[in-house]
Amino acid sequence: MTTRTSAAEILDAVLDGGSFASWDTAPLDVSPGPAYAADLVKAREKSGVDESVLTGQGLVDGRPVAIIACEFAFLAGSIGVAAAERIATAIERATADRLPLIASPTSGGTRMQEGTLAFVQMVKIAAAVTLHKQARLPYLVYLRNPTTGGVFASWGSLAHVTFAEPGALIGFLGPRVYQALYDKPFPDGVQTAENLYHHGVIDGVVPVASLRHLLVRALRVVSGDSEAPRDLDPAPAAADIPDHSAWHSVESSRRADRPGVRQLLEHAATEQVPLSGTGQGESDTTILLSLCRFRGISCVVFGNDRSSHSVTATMGPGALREARRGMRLAEELGIPLVLVIDTFGAALSKEAEEGGIAPEIARCISDLVTVDTPTVSVLLGQGTGGGALALLPADRTLCAQNAWLAPLPPEGASAIVHRDTDHAADMAEAQGIRSVDLLRDAIVPEYPDAAEEPVEFSMRVAGAIARELRSLGQEKREDRLTTRMSRYRTLGLREQS
């Protein structure tokens, strides 16, 4: 027999002991017929609750939150008019009280006994969630076994961050319905939490016992209550950066042991909550997306993961769509966005072309230059082509000492101009690709090379990010956006005066 996690167990697992206060009143009278009325009586006796959903307020590590939890034992967690009204009312109250909202659905979907009227209630719930998010309030979802139908296709799929119970059945159409409609079983292994995580539909699979710890971390970041950063070193003067050749930077950036975004997060970030995919069935292993803090400042981080990059494994259209998800997430939550550039460039392949690589680069640039939240780009290593340009136009740009930016790898530029690769070093020098040549706000020094001091270098990068985020936080929104839009209108990409 399948063991299911009850609504009460979720409340106990997530909330501080004794902190839950119910918001529920008597369910709406839906004028059930005799058979349905009997079903409702049996459901109440079996489940011990008066409807398929419980709502209320509690504390998570002392932080007030609103919470909604479905009860599968009540008519398979199905959502009828009364349950939908309870959910929508709770979401609206959370919005009015400016509370983060945690939802934990488990449901077979719409309540069949109430037909079309119950079916259209999902619109009301989805609208309430959207307004909650438009108020820049966090919405976090934990999907339990099972979550299917209209619940998964509405408020179960609208969260800023979505996790699921291990082994949970999650899907649009329940397997029993599929069998009845098509007279064959649904393929095994598709409608599982693990498979949806693998395909970038949800952000992770987390056991109930670990859920509270995850939510504590996530709420610290997404609630935007950043601490004042301390012990931030001033930016070094450009004159203090060694005057190495451009080719020296290229060779340094290509060292296999050079630290990248993964080491930056590992050594210098706190409250990490890794995210996965676009939420639309795409997940790219060449990038990382995460919620975290640098020196007490909350942010969304998106970056090229050099540990999984190669000449043949570069940013595809899905990676760029995941970058755009990070942009939307930062904007909806009202927290800064940090973009880490360390890439061979965008993918060059049949699949990339058919997947819309060029349009995705264009949309990334467009979204980033207009996103309504502070942004910092960090050129950490190689910055090649459209893949780098898509993550570049931020409020502030930081460069590692041996990072560089170019429209093509120097070998490619040499092939175009000289019809060979022998002039790669000369092309790198002529094109002005070094950190000291670029338009940037600060250079993060390497002593003498990041690969030889990965922890210390990562800490300096984090400090530089926090320094710029603190400065941006003190600017007026209108001034910040105006400055960003005018940043690249000057001729060339040379150092600002």
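Select P448 to begin: in this predicted model, P448 is found in the loop between strand 16 and helix 18 (454-473). Show the preceding residue as well, since a cis peptide bond joins Y447 and P448, with omega at about -10 degrees.

From that loop, step back to strand 16, residues 442-444, one of the edge strands of a sheet. The sheet is open and is formed by seven strands in the order 10-11-12-13-14-15-16, with mixed pairing. The other edge strand is strand 10 (270-275); each edge strand pairs on one side only. From one strand to the next, the twist averages 25 degrees.

Next, colour strand 15, residues 396-400, together with strand 16: the two pair in the parallel sense over three bridges. Within this pair, L398 stands opposite A442 of strand 16.

Now select helix 9, residues 208-222, which packs on the sheet. Helix 9 touches strand 10, strand 11 (287-294) and strand 12 (297-304), and its direction makes about 100 degrees with that of strand 10.

Strands 10 and 11 also lead to a pocket. The second largest pocket has a volume of about 520 Å³. Select Y197, L275, S276, S283 and L288, which lie nearest its centre among 28 lining residues. Helix 8 (193-198), strand 9 (204-205), helix 11 (261-268), strand 10 and strand 11 each give two or more residues to this lining. By class, the lining of the second largest pocket holds twelve nonpolar, ten polar and six charged residues.

Move on to the largest pocket, which contains about 740 Å³ of space. To find its centre, select G108, G109, T148, R176 and V177, the closest of the 27 residues that line it. Helix 6 (149-152) and helix 7 (175-182) are the elements that give two or more residues to this lining; helix 7 supplies the largest share, three residues. The lining of the largest pocket comprises twelve nonpolar, eleven polar and four charged residues.

Then select P146, in the loop between strand 5 (139-143) and strand 6 (147-148). Here a cis peptide bond joins N145 and P146, and omega is about -10 degrees.

The last stops concern backbone angles. L75 lies in the loop between strand 3 (63-70) and helix 3 (81-96). Although L75 is not a glycine, its phi is positive, at about 50 degrees. With a relative accessible area of 21%, L75 is partly exposed. Finally, select R98 in the loop between helix 3 and strand 4 (101-104). R98, likewise a residue other than glycine, has a positive phi near 55 degrees.

Notes
Residues are numbered from 1 along each chain as its sequence is written. This is a predicted model: local features need pLDDT of at least 70, side-chain atom pairs count only at pLDDT 80 or more; totals for chains, interfaces and linings use all residues. Side-chain values use heavy atoms; hydrogens and water are left out. Two strands pair if DSSP finds at least two bridges between them. Helices (H or I, at least four residues) and strands (E, at least two) are DSSP runs, numbered from the N terminus. Axes are lines fitted to C-alpha atoms, for helices over the stretch in contact, and angles run from 0 to 180 degrees between N-to-C directions. Contact means heavy atoms within 4.5 Å. On a 1 Å grid over the protein atoms alone, a cavity is a set of points where a 1.4 Å probe fits but cannot get out, and a pocket is an open set with protein on both sides within 12 Å along at least five of seven lines; lining residues have an atom within 4 Å of a point. Grid points are joined across faces, edges and corners, and a volume is the space filled by probe spheres set on the points. Ala, Val, Leu, Ile, Met, Phe, Trp, Tyr, Cys and Pro count as nonpolar, Asp, Glu, Lys and Arg as charged, and the others, Gly among them, as polar. Buried means under 20% relative accessible area, exposed over 50%, partly exposed in between (1.4 Å probe, protein chains only).
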